[in-house]
Amino acid sequence: MNILKASSSLMGLLAGVLLAIPAFAKPQDAPPQNYENWGVCPFECCTYRQWTAEGDIPVHQRRSEDSPVLFHVSQGEALDGVDGVVVTERPGVITVDRAVRDGYLRGQEQPQLSLQPGDVLYMLTPLGEGW
């Protein structure tokens with residue numbers, strides 16, 4: 001595990017990621033396995049658009065090769081990508097090396113983000129330049 005020497009821009013990024021966690025979220029000893037993030041693209045400048053199949057593609061009922069095949073997309077056939085899911089199999093591990101207090105909201109005295117040295121964070125969704 002590497003210790004993170006965070007810059008102020010990274011602190012803002014972490015605050016943004018952690019602020020998106022619902023208030024009812026509880027600390028965990030480990031992140032969920034195969035974390036699914038729906039409606040996002042896996043890389044910078046990714047877009048959902050029209051694609052052309054490069055081979056025969058079975059389309060399953062669920063996101064599992066064990067589920068029944070509903071139909072096939074044939075090689076050369078055009079299809080529209082309208083949504084997607086990014087699955088994080090191994091999250092990034094961040095160990096906090098200094099106290100971090102950020103995410104102050106108008107009218108509230110306490111920050112939404114309060115971390116102590118030794119706290120461990122799991123990065124489940126990388127954020128690109130557009131954030």
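## Strands, core and second largest pocket of a predicted model

The protein chain has 1 helix and 11 strands, and the coordinates discussed here belong to a predicted model. Read from the N terminus on, the elements of the protein chain follow the order β-α-β-β-β-β-β-β-β-β-β-β. The protein chain counts 131 residues, and buried residues make up 18% of them. Among the contacts in the protein chain with a separation of 6 or more, 60% are accounted for by residues 24 or more positions apart.

### Core and strand pairing

The largest nonpolar core comprises 7 residues in all, namely I94, V96, V100, L113, L115, L121 and M123. Two or more residues of this core are given by each of β8, β10 (113–115) and β11. Strand β8, which covers residues 92–96, runs antiparallel to β11, and the two are joined by 4 bridges; within this pairing, G92 has M123 of β11 as its bridge partner. The side chains of β11 (residues 120–123) alternate along the strand, with L121 and M123 pointing to one face, where they are buried, and V120 and Y122 pointing to the other, where they are not. The two buried residues of this strand, L121 and M123, are both listed in the largest nonpolar core.

### The second largest pocket

A volume of about 610 Å³ is computed for the second largest pocket. Its lining consists of 19 residues, and those that lie nearest the centre of the pocket are Y48, L79, G81, D83 and G84. By class, this lining has 12 nonpolar, 3 polar and 4 charged residues. Four strands, β3 (50–52), β4 (57–60), β6 (78–80) and β7 (85–88), each supply at least two residues of the lining.

### Individual residues

The table sets out four residues with their places and relative accessible areas.

| Residue | Place | Relative accessible area |
|---|---|---|
| T52 | strand β3 | 51%, exposed |
| N37 | strand β2 (residues 35–38) | 16%, buried |
| N34 | loop between α1 (8–19) and β2 | 43%, partly exposed |
| Q61 | loop between β4 and β5 (69–73) | 47%, partly exposed |

T52 belongs to strand β3, and T52 counts as exposed because its relative accessible area of 51% lies over the 50% cut-off. Leaving aside neighbours within four places in sequence, T52 is in contact with G76, E77 and A78. T52 and V73 are 21 residues apart along the chain, and their C-alpha atoms are separated by 9.5 Å.

N37, in strand β2, is classed as buried because its relative accessible area of 16% falls under the 20% cut-off. When its neighbours within four places in sequence are left aside, N37 is in contact with G84, V85, V86 and T125; one of these, G84, is also among the residues that lie nearest the centre of the second largest pocket.

N34, placed in the loop between α1 and β2, has a positive phi of about 50 degrees although N34 is not a glycine. At 43% relative accessible area, N34 is partly exposed.

Q61, found in the loop between β4 and β5, is likewise partly exposed, with a relative accessibility of 47%. Apart from neighbours within four places in sequence, the residues in contact with Q61 are S67, P68 and L70. Q61 and F71 are 10 residues apart in sequence, while the C-alpha to C-alpha distance in space is 9.1 Å.

Technical notes
Residues numbered from 1 in each chain as written. Predicted model: local features only at pLDDT ≥ 70, side-chain atom pairs only at ≥ 80, totals over all residues. Heavy atoms only, no water. 1 Å grid on protein atoms, 1.4 Å probe; cavity = no way out; pocket = protein on both sides within 12 Å on 5 of 7 lines; lining within 4 Å. Points joined across faces, edges and corners; volume = space filled by probe spheres on them. Nonpolar A, V, L, I, M, F, W, Y, C, P; charged D, E, K, R; others polar. Buried < 20%, exposed > 50% of the residue type's maximum accessible area, 1.4 Å probe, protein only. Pairing = 2+ DSSP bridges. Core = buried A, V, L, I, M, F, W, Y, C linked by side-chain atoms within 4.5 Å. Contact = heavy atoms within 4.5 Å.
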